[in-house]
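Biologist: Let us go through some labels and ask what earns each one. Show me the model, please.

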Amino acid sequence: MEPAKEIDIYRDTPLRLLGYANELAEALRPVIHRYVLRTGYGVATLYMFADVADKSYAKAESCKPGDKHWIGTAIDVGIWQSLASLIVPSVFINRFGAASRYLMLRTTKLPVNRVTRISVFLSLATIPLIVKPIDKSVDLVMDTFIRDALGTKDD
C-alpha cells in the first residue's frame, strides 16, 4: 500500500479555485465594470501570496537556523502561482473570449449583445476544463527549467 500523499490545500482542494478568480473576471470582462475585473485579480493575487507565505514559512520552520533554503521555496511557489494562477489562464480566457466573439460576429447574424453573452458563457464553461491541464503543464515547465536551478526539485 502506498503512503498517503500529503494534501496541499492551495493546490489539491477547492481553495485552488480562488486562484482562478481572475479567470472568472476575465470571462465576464465584456459585461462587468473594470473595478470588478480588478477585484478578481486582487483575490487571485492574495491567494498567490498566501500560498507563497504558507510554503515559505513551513520550509523555514523545517530548516536549520541560518539556512536560507526557504527563499528558493518562496521563489519556486511564486513563479508557479504566477504562471498557473495569473498569467497562463488569464491570457487563455481573454484570447478565447475574444476569438469566440470574433468568429461569431463574422460567421453568424446574431446581434452583438447576444454574441457577447454567448462568448461570456463559453469562456466561463472553459474555466473548469483548463485548471488541471494548466497546473500540470506549469509543473512540467517548472521541473524542466526552473526547479533544478532553485534547488527545489524534491520539495
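Modeller: This is a predicted model. Start with Asp-76 and Arg-147, whose side chains meet in a salt bridge at 2.7 Å, N to O.

Biologist: Why is the contact of Asp-76 and Arg-147 called a salt bridge?

Modeller: The cut-off is a Lys or Arg side-chain nitrogen within 4 Å of an Asp or Glu carboxyl oxygen. Asp-76 and Arg-147 stand at 2.7 Å, N to O. That meets the definition, so the label holds.

Biologist: What makes Asp-76 and Arg-147 a pair that ties parts together?

Modeller: Asp-76 lies in helix α3, while Arg-147 lies in helix α4 (residues 112-150). The parts they join are therefore 71 residues apart in sequence.

Biologist: Buried or exposed: which word fits Asp-76, and which fits Arg-147?

Modeller: Buried means under 20% relative accessible area. Asp-76 has 6%, so Asp-76 counts as buried. Arg-147 has 9%, so Arg-147 is buried as well.

Biologist: Which residues are joined into one network by salt bridges that share partners?

Modeller: Asp-8, Arg-11, Asp-51 and Lys-55. Asp-8 pairs with Arg-11, with the closest N and O atoms 3.9 Å apart. Asp-8 also pairs with Lys-55, at 2.9 Å, N to O.

Biologist: How do you know that 3.9 Å is enough for Asp-8 and Arg-11?

Modeller: The limit is 4 Å. The closest N and O atoms of Asp-8 and Arg-11 are 3.9 Å apart, so the pair qualifies.

Biologist: And what makes Asp-8 and Arg-11 buried?

Modeller: The same test, under 20%. Asp-8 has a relative accessible area of 18%, so Asp-8 passes. Arg-11 has 16%, so Arg-11 passes too. Lys-55 is also buried.

Biologist: How many salt bridges does a search of the whole structure find?

Modeller: Nine.

Biologist: Now the helices. Why are α1 and α3 called roughly parallel?

Modeller: Angles under 35 degrees count as roughly parallel. The axes of α1 (residues 21-28) and α3 (residues 69-107) cross at roughly 20° and come within 9 Å. The label therefore follows. The crossing is right-handed.

Biologist: Which residues of α1 meet α3?

Modeller: Asn-22, Glu-23, Glu-26 and Ala-27. Their partners in α3 include Leu-86, Pro-89 and Ile-93.

Biologist: What classes of residue make up the contact of α1 with α3?

Modeller: Four nonpolar, four polar and two charged. Glu counts as charged, so Glu-23 and Glu-26 belong to that class.

Methods
Residues numbered from 1 in each chain as written. Predicted model: local features only at pLDDT ≥ 70, side-chain atom pairs only at ≥ 80, totals over all residues. Heavy atoms only, no water. Axes fitted to C-alpha atoms, helices over the stretch in contact; angles between N-to-C directions. Helix = DSSP H or I, 4+ residues; strand = E, 2+ residues; numbered from the N terminus. Parallel < 35°, antiparallel > 145°, perpendicular 65-115°, else oblique. Left-handed = near helix turned anticlockwise from the far one by under 90°. Contact = heavy atoms within 4.5 Å. Buried < 20%, exposed > 50% of the residue type's maximum accessible area, 1.4 Å probe, protein only.
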